[in-house]
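Subject: A structure for you to explore

Hi there,

Here is the structure I promised to pass on to you. Please open it beside this email and follow along as you read.

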Amino acid sequence: MYPNYSKAFLDLEDVFVKKVIQADSFLKVFIETRPSEHICPCCGCKTKRVHDYRIQKIDDTPFQGKVVTLVLRKRRYLCTSCGKRFLEHYSFLPSYHRRTKRLAFYVISLLRQTFSLKQASLLTGVSVSTICKLLDTIHYAPPDKLPEAVSIDEFKGNASTGKYQCILVDPQKHRILDILPDRTQSHLADYWRGIPRKERLKVKFFVCDMWLTYVELARIFFPNAKIIVGKYHFIRQVTWAIENVRKRLQKSMPASLRKYYKRSRKLILPRYKKLKDENKQACDLMLQYNDDLRLAHMMKEWFYDICQMESNRCQQREFDE
Ligand SMILES: [Zn+2]
């Protein structure tokens with residue numbers, strides 16, 4: 001509708017506004033993302049096939065004194081290789097939550113400045129009861145008591161301290177532990193240092209993405225924790241890696257051979273055992289011509305084998321070999 005203003009107004013990544021409903025006390029903003037290619041969290045194949053839509057209401061930070069609800073048309077994709085259905089991922093919305101990360105951040109920042117509930121309500125136009133509901137899902141205490149598992153995730157918020165803020169979550173109870181204004185190494189180190197060592201030693205699992213700073217700091221400050229990087233982050237890397245090998249190869253190939261590689265993406269990315277017989281043959285033929293691609297393909301298959309193993313010990317052994 002207003003393609004360029006949507007993003008500037010809402011400051012949400014990749015979202016466009018379809019409709020706005022105004023009232024004295026509230027604003028409803030109907031939003032959607034554009035369909036795009038997605039990587040299946042199960043097998044790593046790419047898919048564009050939309051399965052269905054659902055409507056989800058999301059609370060967002062107030063605007064001009066009005067309570068803002070985002071009405072998101074949530075898209076589910078269908079993986080054409082393995083049949084898995086999965087929801088689109090939205091950077092502004094943590095899984096399992098019905099409010100934007102920035103709203104949680106906003107409420108916390110107000111209460112941090114020792115605003116009373118009533119003051120915060122006057123200031124934001126959000127009713128006291130709504131704030132109470134919000135607080136209900138935010139377990140805000142500078143975590144001097146840490147749970148067994150801690151997960152860190154980042155989001156683009158509205159703090160003046162930096163582009164990215166971090167959110168700390170108890171992934172087992174789906175509760176927000178704290179929100180940090182900054183994800184830099186020095187800030188995080190200071191923050192972890194402020195938590196008694198005794199508490200940090202209790203943490204058994206630390207979940208994060210592949211950002212090296214998170215991993216390095218976790219090793220220092222949570223020496224008893226297993227560092228867990230979500231499977232999804234690995235599958236993405238594996239898919240990128242094998243795609244790079246294939247693209248490099250296709251570029252350097254004589255035209256006469258290229259015809260064998262026409263459907264190559266669809267043949268290389270899915271699990272080999274799930275290909276139809278004729279596609280298995282086509283895949284074999286393609287792999288025959290190049291050692292790099294054959295090796296990459298073998299490693300990809302091996303990686304998925306490991307992912308699907310039932311016992312953690314077996315997985316560990318495979319990785320160590
Ligand atoms: Zn799949």
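Below is what I found in it, going from the whole chain to its parts.

**The whole chain**

Please keep in mind that this is a predicted model. The protein chain has 13 helices and 12 strands. Of its 321 residues, 23% count as buried. If you take the contacts with a separation of 6 or more, residues 24 or more positions apart account for 50% of them.

**The strands S1, S2, S5, S6 and S7**

A good place to begin is strand S1, residues 15–22, which runs antiparallel to strand S2, residues 26–33, with seven bridges joining the two. Together S1 and S2 form a hairpin, with three residues between them. To find one bridge yourself, look for Val17, whose partner in S2 is Ile31.

S2 also pairs with strand S6 (residues 66–78), this time in the parallel sense and over six bridges. Phe30 is a handy residue to follow here, since you will find it in S2 and its bridge partner in S6 is Val71. The C-alpha atoms of Phe30 and Val71 are separated by 4.6 Å, although the two residues are 41 apart along the chain. Leaving out residues up to four places away in sequence, Phe30 touches Val17, Lys18, Lys19 and Val71. Is Phe30 buried or partly exposed? There are 17 other C-beta atoms within 10 Å, so Phe30 is partly exposed.

From S6 you can move on to strand S5 (residues 50–63), which pairs with S6 in the antiparallel sense over 11 bridges. In this pairing, Gln56 stands opposite Leu72 in S6. The hairpin of S5 and S6 has two residues between the strands, and Gln64 takes a positive phi near 50° there.

S6 is joined to S7 as well, by three bridges, and these strands run antiparallel. Tyr77 has Phe86 as its bridge partner in S7. Six residues lie between the strands in the hairpin of S6 and S7, where Gly83 takes a positive phi near 85°. Leu87 sits in S7, which spans residues 85–87. Because Leu87 has 15 other C-beta atoms within 10 Å, it is partly exposed. Not counting residues up to four places away in sequence, Leu87 touches Lys74 and Arg76.

**A crossover and the nonpolar cores**

Next, have a look at S11. Its side chains alternate: Phe206 and Cys208 point to one face and are buried, while Phe205 and Val207 point to the other and are not. S11 pairs with strand S12 (residues 226–229) in the parallel sense over four bridges, and Cys208 has Val229 as its bridge partner in S12. The chain goes from S11 through H7 to S12, and this β-α-β crossover is right-handed.

Which residues have the most contacts inside the largest nonpolar core? They are Val203, Phe206 and Ala218, in a core of 21 residues. Several elements supply at least two residues each, including strand S8 (149–156), strand S9 (164–170) and helix H7 (212–221). H2 gives the most to this core, with five residues. Ala218 is in contact with Phe206, Cys208, Ala225 and Ile227, leaving aside its neighbours within four places in sequence. Another core lies apart from this one, and its 16 residues include Cys42, Tyr77, Ile235 and Leu267. As background, nonpolar side chains tend to be buried together in soluble globular proteins.

**The helices H12 and H13**

Helix H12, residues 291–308, has 18 residues and reaches 26 Å from its first C-alpha to its last, close to the 26 Å expected at 1.5 Å a residue. Leu293, Ala296, His297 and Lys300 are buried in H12. Seen down the axis, the buried residues of H12 fall within an arc of 100°, so they line one face of the helix. An α-helix has 3.6 residues a turn, so residues three or four places apart point the same way. The buried residues of H12 pack against helix H8 (231–251), helix H10 (264–268) and helix H11 (277–288). On the other side of H12, Asp291, Leu295, Met298 and Trp302 are exposed.

Last comes Phe319, which is found in helix H13 (residues 312–320). Phe319 counts as exposed because it has 9 C-beta neighbours inside 10 Å. The C-alpha atoms of Phe319 and Trp302 are separated by 9.9 Å, and these residues are 17 apart along the chain.

Enjoy exploring!

Best wishes

Conventions: Residues numbered from 1 in each chain as written. Predicted model: local features only at pLDDT ≥ 70, side-chain atom pairs only at ≥ 80, totals over all residues. Pairing = 2+ DSSP bridges. Expected span 1.5 Å × (residues − 1). Buried ≥ 20, exposed ≤ 12 C-beta atoms within 10 Å, placed from the backbone. Arc of directions from axis to C-beta. Contact = placed C-beta atoms within 7 Å. Core = buried A, V, L, I, M, F, W, Y, C linked by C-beta atoms within 7 Å. Right-handed = clockwise from strand over helix to strand, strands pointing away.
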